[in-house]
Amino acid sequence: MTTPTLGLDDVSHAFGGRVALDHLTLTVRPGRVTALIGLNGAGKTTALRALAGRLRPTRGMAQVLGHDPADLPADVAARFGQAVEAPLVYPELTVTENLWCAARLHGMPRRAAAPVASAAVGHMGLDPWRHARARTLSMGNRQRLGIACATLHRPTALILDEPTSALDPQGVVLVRELVRGLADAGAAVLVSSHHLDEVARIADEIVVLHAGRDVGRLEPGGTDLEQRFFAMVLDADTREADTRDANTEAQV
Ligand code: ATP
């Protein structure tokens with residue numbers, strides 16, 4: 001069996017008394033796109049933050065390319081890409097300058113960074129804003145820039161939090177092609193999303209998260225994805241309520 005490129009091993013996390021992740025185990029292997037879907041507050045961003053090294057879980061372990069994400073060696077960080085929550089762009093730098101910085105931060109030599117940054121501007125349809133400061137961009141274009149910064153070094157492990165939430169239909173297609181292209185070249189990709197139709201188009205596997213728990217997998221094919229999703233969530237709620245009732249009866 002190949003080593004998971006992205007992994008969560010029995011991860012739980014609570015914010016104060018609120019459980020955000022509950023014994024979540026997840027692996028993404030090279031060449032696969034895994035989508036994490038769930039209702040608002042299901043724990044998707046918390047799971048991705050643990051993988052991005054921005055949150056140390058209360059219990060369990062996250063790993064990226066075999067390492068603790070909070071302490072990635074430089075050569076491993078150079079193979080990792082992430083856009084989780086707000087895009088990591090510098091508001092006062094222009095689009096091209098941001099991309100150049102992202103290339104350098106991912107370990108690209110100075111001479112390679114400029115052409116790679118320039119190509120990324122074109123790939124993400126940002127030509128008209130090439131010299132605009134990031135803070136002046138629309139939300140969708142800022143999202144395009146964040147995704148470009150996370151992917152221009154062609155990572156072998158990539159995590160994207162709701163990458164199409166602010167994008168127009170053209171941007172959605174660009175991100176779809178980008179994500180599929182990276183996975184087809186061997187990258188392990190984990191994306192969170194609310195858009196079941198979009199997820200069905202790019203994912204090899206769909207993990208349903210509910211109340212911080214993995215409540216099952218959905219096959220990306222088929223037409224009734226939404227229905228299957230809600231049935232899974234309802235079933236998880238019913239089982240949870242039955243367990244609670246049984247525990248209460250046992251205590252009485
Ligand atoms: P959405 O689809 O709305 O973005 P999500 O699935 O990404 O939701 P999370 O943001 O991971 O969900 O939140 C999971 C739970 O953890 C929620 O109950 C949320 O209120 C809580 N939570 C998340 N971040 C914090 C925080 N910094 N402090 C306190 N509670 C938090």
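# Exercises on a ligand shell, two buried polar residues and an aromatic pair

By class, the shell around the ligand is made up of four nonpolar, six polar and three charged residues. Here Ala, Val, Leu, Ile, Met, Phe, Trp, Tyr, Cys and Pro count as nonpolar, Asp, Glu, Lys and Arg as charged, and the others, Gly among them, as polar. The model is predicted: local features need pLDDT of at least 70, side-chain atom pairs count only at pLDDT 80 or more, and totals for chains, interfaces and linings use all residues. Residues are numbered from 1 along each chain as its sequence is written, and side-chain values use heavy atoms, with hydrogens and water left out.

## Exercise 1

Determine which residues come nearest to the ligand, and which polar atoms lie opposite its oxygen atoms.

*Solution.*

Step 1. A residue is near a molecule or strand if one of its heavy atoms lies within 4 Å of it. Of the 13 residues around the ligand, the nearest are G41, K44, T45, T46 and H194.

Step 2. A polar contact is a pair of N or O atoms within 3.5 Å; within protein, one must be able to donate a hydrogen and the other to accept it, and residues adjacent in sequence count only if both atoms are side-chain atoms. An N or O atom in the side chain of T46 is 2.6 Å from an oxygen atom of the ligand. For the side chain of N40, the distance from an N or O atom to a ligand oxygen is 2.9 Å. At A42, a polar backbone atom is 3.1 Å from an oxygen atom of the ligand.

Step 3. The ligand taken alone exposes 640 Å², of which the protein buries 64%. Accessible areas come from the Shrake-Rupley method with a 1.4 Å probe; for residues, only the protein chains shown count as cover.

Step 4. Strand 2 (18-28) and helix 1 (44-51) are the elements that give two or more residues to the shell. Helix 1 gives the most, with three residues. Helices (H or I, at least four residues) and strands (E, at least two) are DSSP runs, numbered from the N terminus.

## Exercise 2

Establish whether H106 is buried or exposed, and describe its surroundings.

*Solution.*

Step 1. H106 is placed in the loop between helix 3 (95-105) and helix 4 (110-123).

Step 2. Its relative accessible area is 18%, so H106 is buried; buried means under 20%, exposed over 50%, and partly exposed in between (1.4 Å probe, protein chains only).

Step 3. Leaving aside neighbours within four places in sequence, H106 is in contact (heavy atoms within 4.5 Å) with A77, A78, F80, C149, L152 and H153. The H106 side chain reaches the backbone oxygen of F80 at 3.4 Å and makes a polar contact with the side chain of H153 (3.4 Å).

## Exercise 3

Identify what the side chain of N98 lies close to in terms of polar atoms.

*Solution.*

Step 1. N98 is in helix 3 and is buried because its relative accessibility is 2%.

Step 2. A polar atom of the N98 side chain lies 3.3 Å from the backbone oxygen of L93.

Step 3. The cover over the buried residues of helix 3 includes helix 4 and helix 5 (139-151).

## Exercise 4

Classify the one aromatic pair of the structure.

*Solution.*

Step 1. Rings of Phe, Tyr and Trp (its six-membered ring) pair if their centres lie within 6.5 Å; planes under 30 degrees apart count as stacked, over 60 as edge-to-face and the rest as tilted.

Step 2. The ring centres of F229 and F230 are 5.2 Å apart and the planes stand at 65 degrees, so the pair is edge-to-face.

Step 3. F229 is buried at 5% relative accessibility, whereas F230, at 45%, is partly exposed.
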